[in-house]
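Subject: Structure handover

Hi there,

Here is the structure I promised to pass on. Please have a look when you get a moment.

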Amino acid sequence: MYSSVFGGITLDPALMVIPLDDHMVHRGHGVFDTAMLFNGYLYDLDAHLDRFLASASKAKISSPFTSRTLRNILIQLAAASKCRTGSLRYWLSAGPGDFSLSPKRCSQPTFYAIVISQTFSQHNEGVSIITSTVPIKSPLFATMKSVNYLPNVHSKMEAEERGAFASIWVDEKGCIAEGPNANVAFISKEKELTLPSPERILFGCTVKRLIVLANKLVERGLLRSVVVRDVTVEEAKDSAEMMFVSSLLPILPIIEWDNQPIGDGMVGEITRAISALFWEDIASGPSTRRIRIPYKNL
Ligand SMILES: Cc1ncc(COP(=O)(O)O)c(C=O)c1O
């Protein structure tokens with residue numbers, strides 16, 4: 001773990017703590033982000049860091065470090081952890097204070113990061129989902145990755161209570177929003193890849209990369225087009241294929257929604273092709289997307 005409170009990295013689990021008077025702990029005044037560590041490389045860290053700082057700005061938290069310093073700390077932390085495959089999760093908070101609602105007496109913003117050992121593999125099986133009855137977040141809170149994930153936790157719990165993998169949110173206009181920790185994407189029967197508009201959701205770094213990668217399938221003639229627009233529930237349920245898209249998945253096929261099959265109820269050819277493109281990008285993509293961890297330098 002790295003903590004700006006003690007200004008360094010610790011490998012001792014007993015020291016991996018954050019102060020109880022930190023505004024993020026008792027008032028939820030913090031933001032976070034994640035990046036995948038795969039075979040000794042950090043995948044798409046820069047995109048995640050940009051969103052991290054954008055979330056902090058929306059949450060009115062100023063970073064104690066520049067983006068370059070945050071990046072260096074995260075790379076050093078990954079190296080110190082000796083972990084080759086897992087996830088890197090990091091938080092910016094308004095910092096320790098006097099337990100008040102106002103952050104005025106918080107001494108200074110804090111930065112924490114941790115490496116979580118984890119394994120990843122391509123998802124060949126599909127999951128079933130339900131429509132969430134937990135109220136959707138308002139646009140301001142949905143578009144920043146703050147630590148206030150109570151609606152997301154309840155939405156996931158609701159799905160598990162009903163025997164599904166996850167729930168997805170539908171907005172007041174009847175348009176698709178997102179899952180509790182993933183975006184959704186649809187393949188229409190006309191082979192159009194559609195991604196819901198960004199206004200009501202956390203528009204993911206993975207979805208942004210998907211837009212670039214999916215163009216290869218357009219060139220190969222497997223897809224007709226890639227579009228970002230509002231998607232109604234009726235249209236979405238009539239899709240040929242559907243999937244969750246998120247940095248630690250990166251693609252998880254959805255084969256059933258509210259007890260109805262999506263398409264023929266099987267994992268589709270285009271979902272498999274998109275998933276394969278991602279795994280190629282993660283394992284051997286361009287150096288602009290993959291940072292090699294300098295394990296030996298420590
Ligand atoms: C609510 C929500 N939407 C979407 C995403 C997908 O974002 P990304 O692709 O950047 O992981 C996440 C990921 O954590 C999330 O929590």
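Below are some notes on a helix pair, the core and one cysteine.

This is a predicted model, where local features need pLDDT of at least 70, side-chain atom pairs count only at pLDDT 80 or more, and totals for chains, interfaces and linings use all residues. Residues are numbered from 1 along each chain as its sequence is written, and side-chain values use heavy atoms, leaving out hydrogens and water.

Helices α2 (residues 45-58) and α3 (residues 67-81) pack at about 125°, and their axes lie 11 Å apart. That angle makes α2 oblique to α3 (neither under 35 degrees, over 145, nor 65 to 115). On the α2 side the contact (heavy atoms within 4.5 Å) is made by Leu 45, Asp 46, Leu 49, Phe 52 and Leu 53, and on the α3 side by Ser 67, Leu 70, Arg 71 and Leu 74.

The largest nonpolar core (buried Ala, Val, Leu, Ile, Met, Phe, Trp, Tyr and Cys residues joined through side-chain atoms within 4.5 Å) has 30 residues, and Leu 193, Leu 210 and Ile 274 have the most contacts inside it. Helix α8 gives the most to this core, with 7 residues.

Cys 83 sits in the loop between α3 and β5 (86-93). Its relative accessibility is 11%, so Cys 83 counts as buried (under 20% relative accessible area, 1.4 Å probe, protein chains only). Leaving aside residues up to four places away in sequence, Cys 83 touches Leu 37, Ala 78, Val 115, Ser 117 and Tyr 295. The C-alpha atoms of Cys 83 and Gly 40 are 7.6 Å apart, although 43 residues separate the two along the chain.

Best wishes

Conventions:
Axes fitted to C-alpha atoms, helices over the stretch in contact; angles between N-to-C directions. Helix = DSSP H or I, 4+ residues; strand = E, 2+ residues; numbered from the N terminus. Buried < 20%, exposed > 50% of the residue type's maximum accessible area, 1.4 Å probe, protein only.
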